[in-house]
Amino acid sequence: MASYLDFEKNIQQIDEDIINAQIKGDTEAVAILKKNLEKEIAKTYKNLSDFGRLQLARHPDRPYALDYIDLILNDAYEIHGDRTFRDDPAIVCFMGYLGEKKLIVIGEQKGRGTKEKIARNFGMPHPEGYRKALRVARLAEKFQIPILFLIDTPGAYPGLGAEERGQSEAIATNLYELSDLKTPTIAVVIGEGGSGGALAIAVADKLAMMKNSVFSVISPEGCAAILWNDPSKSEAATKAMKVTADDLKSQGLIDDVIEEPINGAHRNKEAAAVAIADYVKKALDELEKIDPRELASNRMQKILQLGAFSES
């Protein structure tokens, strides 16, 4: 059963009317209602607010990393463990083929349903998850296999055990090591890009965001709690923080925005997966022509330029 957001109430009503008309066998009404649905979808999503995009990024039916891996990767083989502590299910690593190209995919996985969400810690990786990601990234570098990072996390897990095992060190090490990795790397924010938990696998030659994804240093609720001592003001915080794909592209903080189905990737997962696959193929055609050492040098230069400004 489809889930609807607050701003989708009119769409939900038309969907329900279509189902009722289909049950009655009223084909004429179904045809009219479907046209009305197309118009309502276009109207609703044409000028979607930043807060609306945040809601879509967190939509419970939105495709997660494993959904995209299943749709775009052939002969996929999962790689487990950090070889130090344990296997963190919040980070998934796969080796396979994108078309005829070998590809390693490293992604953050939130999980669906209570049992899986708990098992995957709601997509909040522990340090062993980031160390697993780095181990697999080094494997990719060794065999000159390009990497696709799929980012979708509310943030790195802040629990006592994670801190005891070196959460900040694991994130910092990834930032350092991935910046000098000598193989093509592409990162795509597919849902939430939450602070350092997202940055730890976001250092790449190409950083893109799905149209309805967000990337921020803190959650809007956390920002509202700090600024106004009121987490309920998250909508105002979302607008002020400039967290959407278009905002970050205009500021030069990401390279590209990947379009998704007009009413969200969760309504057409296959089309969203095709959009990502096409973007990755095009990016790899460009990156694979560059010497690996030059790739690493260019990546570092791009990182050093982030946040640069000039005063008039």
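The legends below describe close-up views of a predicted model.

**View 1. The annotated domain, residues 36–286.** UniProt, in an unreviewed entry, places the feature "domain: CoA carboxyltransferase C-terminal" at residues 36–286. Over this range the chain is 45% helix and 20% strand. The C-alpha atoms at its two ends are 42 Å apart.

**View 2. The aromatic pair of phenylalanine 7 and tyrosine 45.** The model has 1 aromatic pair. Phenylalanine 7 and tyrosine 45 meet edge-to-face, with 5.9 Å from centre to centre and 80° between the planes. Phenylalanine 7 belongs to the segment before helix 1 (9–24) and tyrosine 45 to helix 2 (residues 27–46), so the pair ties together parts that are 38 residues apart in sequence. Tyrosine 45 counts as buried, at 6% relative accessibility, whereas phenylalanine 7 counts as partly exposed, at 24%.

**View 3. Arginine 267 with tyrosine 4 and glutamate 8.** The charged end of arginine 267 sits over the ring of tyrosine 4, 4.9 Å from its centre. The side chain of arginine 267 also meets that of glutamate 8 in a salt bridge (3.6 Å, N to O). Glutamate 8 lies in the segment before helix 1, and arginine 267 in the loop between strand 8 (256–258) and helix 13 (269–287), so the salt bridge ties together parts that are 259 residues apart in sequence. Glutamate 8 is buried, at 1% relative accessibility, while arginine 267 is partly exposed, with a relative accessible area of 27%.

**View 4. Arginine 112 over tyrosine 64.** Arginine 112 lies over the face of tyrosine 64. The distance from the ring centre is 4.0 Å.

**View 5. The largest nonpolar core.** This core has 33 residues, of which Ile106, Ile147, Ile151, Leu207 and Phe215 touch the most other members. Elements giving two or more residues to the core include strand 2 (91–98), strand 3 (101–108), strand 4 (147–153) and helix 8 (167–179). Helix 6 gives the most, with 6 residues. Leaving aside neighbours within four places in sequence, phenylalanine 215 is in contact with Val189, Gly193, Ala198, Leu199, Ala202, Leu207, Met209, Val243 and Leu248. Another core, of 29 residues, lies apart from the largest one; among its members are Ile72, Val92, Ala273 and Leu287.

**View 6. The salt bridge between glutamate 286 and lysine 206.** The two side chains meet at 3.5 Å, N to O. Glutamate 286 is in helix 13 and lysine 206 in strand 6, so the pair ties together parts that are 80 residues apart in sequence. Lysine 206 counts as buried, at 17% relative accessibility; glutamate 286 is partly exposed, with a relative accessible area of 40%.

**View 7. The salt bridge between aspartate 255 and lysine 302.** The side chains of aspartate 255 and lysine 302 meet at 2.9 Å, N to O. Aspartate 255 is placed in the loop between helix 12 and strand 8, and lysine 302 in helix 14 (residues 292–305), so this pair ties together parts that are 47 residues apart in sequence. Aspartate 255 counts as partly exposed, at 25% relative accessibility, and lysine 302 counts as partly exposed, at 25%.

**View 8. A network of salt bridges.** Arg58, Lys110, Asp152, Glu192 and Glu221 are linked through salt bridges into a network. The count of salt bridges in the model comes to 21.

Notes
Residues numbered from 1 in each chain as written. Predicted model: local features only at pLDDT ≥ 70, side-chain atom pairs only at ≥ 80, totals over all residues. Heavy atoms only, no water. UniProt positions renumbered as here; feature names shortened; annotations may be inferred. Helix = DSSP H or I, 4+ residues; strand = E, 2+ residues; numbered from the N terminus. Phe/Tyr/Trp six-rings, centres within 6.5 Å; stacked < 30°, edge-to-face > 60°. Buried < 20%, exposed > 50% of the residue type's maximum accessible area, 1.4 Å probe, protein only. Lys NZ or Arg CZ within 6 Å of the ring centre and 35° of its normal. Core = buried A, V, L, I, M, F, W, Y, C linked by side-chain atoms within 4.5 Å. Contact = heavy atoms within 4.5 Å. Salt bridge = Lys/Arg side-chain N within 4 Å of Asp/Glu carboxyl O.
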